[in-house]
Amino acid sequence: MVILIKPTSYDDEGFPLRFLRGVLPSNGLAAMYALTKQALAQVVPAGVATEVHMLEDGLYRHAKTLAQLYRRFPEPGTKLIAGLATVQTAQFPRACDLMDRWQAVGATCVIGGFHVSGSISVMTDGVHDPRRPGIPCPQRMPAEIQALMDRGVIVFHGEAEERWPTVLRDILRGTPQPLYRGGLPDLRHAPLPEYAPGYFRGNFATAIGTLDASRGCPFLCSFCTIINVQGSRTRCRSVSSIIEDIRAACERGGKAGFFLVDDNFARNPEWEEISDGLGRLRQQGHHISFMVQADVACGKVKGFIPKLAAAGCSQIFMGVESLNPKNLAAANKRQNNVDQYGQLWQLCHQHGIVVHAAYIIGFPHDTPESVAREVEQLAQLGADQASFYMLMPLPGSEDYARAVAAGASLDPDLNRYDSFHPVNKHPLMTHTEWYATYLRAWRQFYRAANIVAALKRFPDRQTRLQMLRNYAWYRWSFATERAHPMISGFYRFRDLQDRRPGTAVLSISRYLLQEGWRHLRYVGRFFAEFYRFQHIVLETEFAPLLAEKRDEMTGRLRGVRDWVRRTFGRIMTRQWLNNFWVSYARNRWRLLLDPRTYHWHLRMPPYALAEVVYTLRFAWLLKRLVKLTTT
Ligand code: B12
Ligand code: SF4
């Protein structure tokens with residue numbers, strides 16, 4: 001039996017980050033699932049039963065299934081292999097703890113993914129790229145990886161497509177080696193990533209598929225690990241198998257929604273063939289919607305944006321990183337030309353494509369003020385969504401190799417290498433300032449005014465609804481779960497029995513108190529977000545009418561008829577209600593203690609009643625919108 005596990009990471013209190021519903025499934029895990037099925041068919045004699053499981057440690061139900069599987073072992077007659085899959089640096093400590101447990105019940109553990117691959121590439125093998133000479137390399141096995149091999153874990157470096165059957169065969173024969181190298185395999189004949197039956201059921205807020213159509217990137221960004229693991233030559237999967245797979249998904253489910261996770265779809269030499277193929281499927285009546293990642297120079301690739309739009313692309317995730325050319329030069333990100341962003345993003349909007357800007361905080365010239373200015377600029381230039389990261393030397397990157405060689409002080413806790421914790425020194429900001437700047441960027445960008453402005457750029461309701469879902473996910477993650485949207489989901493679980501070894505003991509009473517407070521916060525945040533989104537939806541849905549009648553709909557209430565019109569009329573806006581509540585709340589404690597403020601209580605009932613009516617009308621409007629966009 002092979003159990004493929006995608007480990008999560010720990011939060012700052014040592015609880016594994018785990019959610020009732022995830023948002024994005026793991027493409028690496030799906031790739032390993034398909035490869036494992038294929039490899040077992042090659043190496044296990046006919047008639048011997050095999051089982052393959054793919055489970056995410058960060059999903060509540062998957063973790064329960066893992067615990068059930070764990071209790072089955074040791075099981076006489078079953079060879080158990082635990083594959084810790086697609087392990088990034090921040091997940092490495094958790095992966096090690098999980099492997100301790102699985103080894104204790106007799107499993108042979110194998111680990112693969114970007115931490116081991118990246119670290120070995122830059123620390124043991126060294127980067128040999130004539131365009132980037134002089135990257136230092138100590139040529140030694142990183143200590144934490146050597147420690148794994150010493151305790152019997154098999155380490156897999158690189159990509160598994162061609163070498164995984166050999167590893168499985170060696171394990172079954174009882175002669176595994178401590179380290180295997182997968183290299184850069186040809187992807188033409190590799191099976192496409194596949195999700196096990198039941199993987200999504202009850203575990204994800206939306207069912208989005210994933211696919212990496214190519215690997216590798218020709219650019220040279222110094223903070224990137226990808227080029228040092230997957231190389232700078234782009235290797236592609238077969239176009240016909242991709243199109244067939246998506247056609248099959250459409251035929252099975254009536255539509256296909258997916259994320260093409262290529263680092264840079266614009267540099268996939270077959271982007272046009274894939275887009276044309278998808279465009280043809282759409283012409284045949286299939287519903288296709290997908291998201292890609294591309295660089296901000298993709299506008300120069302002839303026909304790229306229009307063809308993507310015709311193929312059903314709804315969003316492009318672009319590595320903006322910084323708006324300061326000095327920062328871009330320091331990171332060797334020379335392909336980014338800040339002057340062209342506005343024009344490119346306008347083109348995306350014209351084609352109904354949402355622009356998602358990835359922005360990194362912590363480049364050498366960043367200060368709290370410069371970041372605040374650039375975040376504002378991002379919104380003004382037309383970024384509809386943004387993701388913020390803290391710059392860090394990720395093991396596997398050129399920056400890491402240089403930082404280690406220079407003896408820089410780096411956080412020894414790999415769990416913190418998630419791009420959301422400061423792990424090294426910044427020349428102009430303390431850790432506290434840096435982290436506060438990062439948090440402020442989220443709040444600043446995702447304020448209601450920016451969301452309304454972005455939604456108004458898209459006349460298509462379907463697109464707006466999708467954007468609203470993303471905004472709800474993003475706002476909920478950073479404001480409520482206090483986690484980056486990309487590692488978060490909906491409704492967090494914190495299991496007192498499952499904590500990081502070595503973290504301070506938490507008494508049951510303290511744990512219950514924390515849990516009580518957390519759930520109270522959930523309720524509070526739910527209401528806050530409910531009213532924020534009500535404002536956003538109303539301002540967008542009634543935008544044309546409000547443009548004419550806003551004066552009539554705002555300001556002080558002018559009698560009963562005015563109240564009836566604002567509450568039950570054709571146009572809705574929260575502006576008059578918000579203005580009232582802000583003025584009301586400004587009195588604070590005086591509302592209770594100072595009789596001179598009591599007239600405010602008398603003025604309040606019509607507004608409170610209007611809130612009730614608005615809540616009902618909003619619920620109805622949302623229902624209608626969802627219905628309109630799903631039929
Ligand atoms: C798409 C993507 C995302 C998507 C995730 C979508 C999804 N869930 O699939 C989003 C945008 C959400 C995301 C978020 C993050 N990502 Co990301 N992501 C990627 C990206 C571009 C592609 C991932 C992918 O599908 N690759 C293709 C699969 C098949 O490759 P693979 O997982 O490595 O698996 C192969 C091998 O590693 C090996 N292998 C893997 N597991 C196993 C197990 C066994 C047993 C064996 C034998 C072999 C093996 O074989 C596999 C098949 O060839 C990669 C870069 C890249 N090109 O891979 C970055 C990358 C993995 N992400 C990275 C990071 C840091 C993150 C974030 C922390 C935030 C950030 N800064 O981007 C979050 C964390 C999310 C999380 N908890 O996992 C880093 C990891 C670097 C590191 N040293 O840790 C990468 C490398 C990019 C980078 N910045 O340099 N990411
Ligand atoms: S463009 Fe993206 S994938 Fe390519 S080197 Fe730069 S960060 Fe890495």
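**Two ligands and a covered first strand**

Ligand 2 sits among ten named neighbours: Cys217, Phe219, Cys221, Cys224, Ile226, Ile227, Asp263, Asn264, Asp295 and Gly319. By character, this shell splits into six nonpolar, two polar and two charged residues. All of this is read from a predicted model rather than from an experiment.

Ligand 1 has 43 residues around it, and the closest are Gly28, Gly83, Gln88, Gly112 and Glu159. Four elements each give two or more residues to that shell: α1 (27–43), α4 (114–125), α6 (164–173) and α7 (226–230). As for the kinds of residue around ligand 1, 20 are nonpolar, 17 are polar and six are charged. The shell around ligand 1 also brings two parts of the chain together, with at least three residues coming from domain 1 (2–183) and at least three from domain 2 (209–391 + 427–471).

Stepping back to the whole protein chain, there are 23 helices and 16 strands. The radius of gyration is 26 Å, close to the 25 Å that the globule rule gives for 631 residues, so the chain is as compact as a globular protein of that length. Laid along its principal axes, the C-alpha trace spans about 85 × 60 × 55 Å. Burial is found for 40% of the 631 residues. Contacts between distant parts of the sequence are well represented too: among contacts with a separation of 6 or more, 77% join residues 24 or more positions apart.

Strand β1, made of residues 2–6, gives a good local view of the fold. It is mostly covered, with five of its five residues buried. In a regular strand, side chains take turns between the two faces of the sheet. In β1, Val2, Leu4 and Lys6 point one way, while Ile3 and Ile5 point the other way. Burial applies to both sets, Lys6 included.

Strand β1 also has two pairing partners. With strand β4 (residues 81–84), β1 pairs in the parallel sense over four bridges, and Ile3 stands opposite Ala82 there. With strand β3 (residues 52–56), the pairing is again parallel, this time over five bridges. On that side, Ile3 stands opposite His53. Ile3 therefore makes a handy landmark for finding β1 between its partners, facing Ala82 in β4 and His53 in β3.

How values were computed
Residues are numbered from 1 along each chain as its sequence is written. Chains are lettered from A and ligands numbered from 1 in the order in which they are written. This is a predicted model: local features need pLDDT of at least 70, side-chain atom pairs count only at pLDDT 80 or more; totals for chains, interfaces and linings use all residues. A residue is near a molecule or strand if its C-beta atom, placed from the backbone, lies within 6 Å of it. Ala, Val, Leu, Ile, Met, Phe, Trp, Tyr, Cys and Pro count as nonpolar, Asp, Glu, Lys and Arg as charged, and the others, Gly among them, as polar. Domain bounds come from an automatic or database domain assignment. The radius of gyration is taken over C-alpha atoms; the globule rule is 2.2 Å times the number of residues to the power 0.38. A residue is buried if 20 or more other C-beta atoms lie within 10 Å of its own, exposed if 12 or fewer, and partly exposed in between; C-beta atoms are placed from the backbone. Two residues are in contact if their C-beta atoms, placed from the backbone, lie within 7 Å. Two strands pair if DSSP finds at least two bridges between them.
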